[in-house]
Amino acid sequence: ISDDELGHIRQDYFISNTEDDPSVFQQIRENILRLARTMRTWNTDYPLKFIQLEKRLQEKKKVLPIISFQEIQNIAIDTPQPLNDEELRLFLEFHHEIRALVYFNDLPSYIILDTQWLSDVFRCIVTAKKFSAISIRNKNKWKELYSRGKLHSEVLDDIFRKSESIFSKHKDHILNVMEKFDIIIRPNTSETQRDAGDDKPLYYLPCMIKSEPECDIYKMFNVTENVCTKSNWLCYVFKFLPPHLMNHLIASLCRKYNVAEVVTKEQKRQIALFRSSAVFELQKTTKLRKLLIMKGPNVIQIQVWQFGKQIERGLFKYIADFVTEEIIKLISTRFKMSNVRFELKWECGQTKPESVTGSFNLSEDQKETYYCETCTTTHEFTDEWS
């Protein structure tokens, strides 16, 4: 196991169940305190009257797991030392930061007081197989959920109809929160518009996509030498790649670019979201530039397909910058995985996707020509990523 994988083990403690030795407990206390001091919320001053609202919400949580902003506003005013709107938002942001509740500034209508209840809702959708037997007419759409991760509105109706009534009442807010956490994504493509309509958005669950490309990914998109130029592979090489990181990165790309579409063997159009890979349109109108992203063993690799034009130095720097920034944001800011690190490397674009490892370091002093072991010949180094 790599050092990165072991990084979450910070300290060993040996506690006896026969001898009452207080020193080891004191050591635990000191280490907890030392870790607490590294948290962003450590030693930050907040109004003492927050405690009054905390107590009121703790009681409220026993009865209701989710409440409206208006209701929490009324509770805040009704305390012995009322909170004004600015103080209330500070209270909500602080408690969201410490995971005590769920509140987003751009989804202010409701506040989820019970995070375990929210987990139950997520589990209800992600592990929804137990509900599939209740709707024979939607059988094919349930199959699509388990193969392609495609979550039709009819399937959602089945799930919420069978689950708790409070889930159904807050269905729209729950779906918005799930989008915030990248559990579901809403790709903007003609497929989603055809299947769902404007009033019924079509979602995908990246974690449930099991389908692989029907054939070679290059063949699916007609990526051949006479019509398309492939960039070198840009590789993010990890000692330990968290399994969920790829899904969050795909969600980020879905928000920025359209997912490409492909025609299946049954002559049906579907979006190019597959297990551990996806293809995006970098040019929405002309569709002459596409981005392939794939996950390998401890590596995330990207390649651009340029149709009808040669690739020049630095042409795809904006893509590399965006993907790099998103990965850094995910591992350092969003999930605070301080022990997860990666190296930027590259490999010849002619290397088959399943054989990419990241053979070359991305450095400023890269020579103009290099010997490629894949092609057993020399190539000109384009340096399209930097």
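In this predicted model, Glu-368 is found in the loop that runs between strand S16 (360-361) and strand S17 (369-372). The residue is exposed, its relative accessible area of 63% lying above the 50% over which a residue is counted as exposed. Once neighbours within four places in sequence are set aside, Glu-368 is in contact with His-379, Glu-380 and Phe-381. For one of these partners, Glu-380, which is twelve residues away along the chain, the separation of the C-alpha atoms from those of Glu-368 is 5.7 Å.

A second glutamate, Glu-214, is placed in the loop between strand S5 (203-204) and helix H12 (217-220), and with a relative accessible area of 39% it is partly exposed. Not counting residues up to four places away in sequence, Glu-214 touches Met-220, Thr-264, Lys-265 and Glu-266. Asn-298, by comparison, is 84 residues from Glu-214 in sequence, and the two are 24 Å apart in space from C-alpha to C-alpha.

Turning to the protein as a whole, 14 helices and 18 strands are assigned, and the C-alpha trace spans about 75 × 60 × 45 Å along its principal axes. Of the 386 residues, 44% count as buried, while the exposed surface amounts to about 21,800 Å², of which carbon and sulfur atoms supply 49%. When contacts between residues at least 6 apart in sequence are considered, 62% of them join residues at least 24 apart. The protein carries 55 positive and 54 negative charges, and the mean positions of the two sets are 6 Å apart.

Two helices, H3 and H5, were examined in detail. Helix H3 (residues 50-63) comprises 14 residues, for which a rise of 1.5 Å a residue leads to an expected span of 20 Å; the C-alpha atoms at its ends are 21 Å apart, in agreement with that expectation. Within H3, the residues Phe-50, Leu-53 and Leu-57 are buried. Viewed down the helix axis, the buried residues of H3 fall within an arc of 60°, and they therefore line one face of the helix. This pattern can be read against the general geometry of the α-helix, in which there are 3.6 residues a turn, so that residues three or four places apart point the same way. The face of H3 that is turned away from the buried side carries the exposed residues Lys-55, Lys-62 and Val-63. The cover over the buried residues of H3 includes strand S1 (66-68), helix H4 (69-77) and helix H5 (85-97). Gln-58, which also lies in H3, is partly exposed, with a relative accessible area of 47%; Gln-58 and Leu-113 are 55 residues apart in sequence, yet their C-alpha atoms are 8.2 Å apart in space.

Helix H5 was treated in the same manner. Its 13 residues should span 18 Å at 1.5 Å a residue, and the distance between its end C-alpha atoms, 18 Å, agrees with this. The buried residues in H5 are Glu-87, Leu-88, Phe-91, Leu-92, Phe-94 and His-95. Around the axis they cover an arc of only 165°, which puts them on the same side of H5. What covers these buried residues includes H3, H4, strand S2 (102-104) and strand S3 (107-112).

Backbone conformation was also considered, given that most residues other than glycine have a negative phi. Arg-99, although not a glycine, has a positive phi of about 65°. Arg-99 is found in the loop between H5 and S2, where it is exposed, with a relative accessible area of 53%. Asp-182 likewise is not a glycine and has a positive phi of about 65°; its place is in the loop between helix H10 (171-180) and helix H11 (190-196). In contrast to the exposed Arg-99, Asp-182 is buried, its relative accessible area being 4%.

A further buried loop residue is His-170, which has a relative accessible area of 6% and is found between helix H9 (165-169) and H10. Leaving aside neighbours within four places in sequence, His-170 is in contact with Ile-66 and Tyr-110.

Terms used: Residues are numbered from 1 along each chain as its sequence is written. This is a predicted model: local features need pLDDT of at least 70, side-chain atom pairs count only at pLDDT 80 or more; totals for chains, interfaces and linings use all residues. Side-chain values use heavy atoms; hydrogens and water are left out. Helices (H or I, at least four residues) and strands (E, at least two) are DSSP runs, numbered from the N terminus. The expected span of a helix is 1.5 Å times one less than its number of residues. Buried means under 20% relative accessible area, exposed over 50%, partly exposed in between (1.4 Å probe, protein chains only). The arc is that of the directions from the helix axis to the C-beta atoms. Contact means heavy atoms within 4.5 Å. Accessible areas come from the Shrake-Rupley method with a 1.4 Å probe; for residues, only the protein chains shown count as cover. Lys and Arg count as positive and Asp and Glu as negative; His and the chain ends are not counted. The place of a charge is taken as NZ of Lys, CZ of Arg, CG of Asp or CD of Glu.
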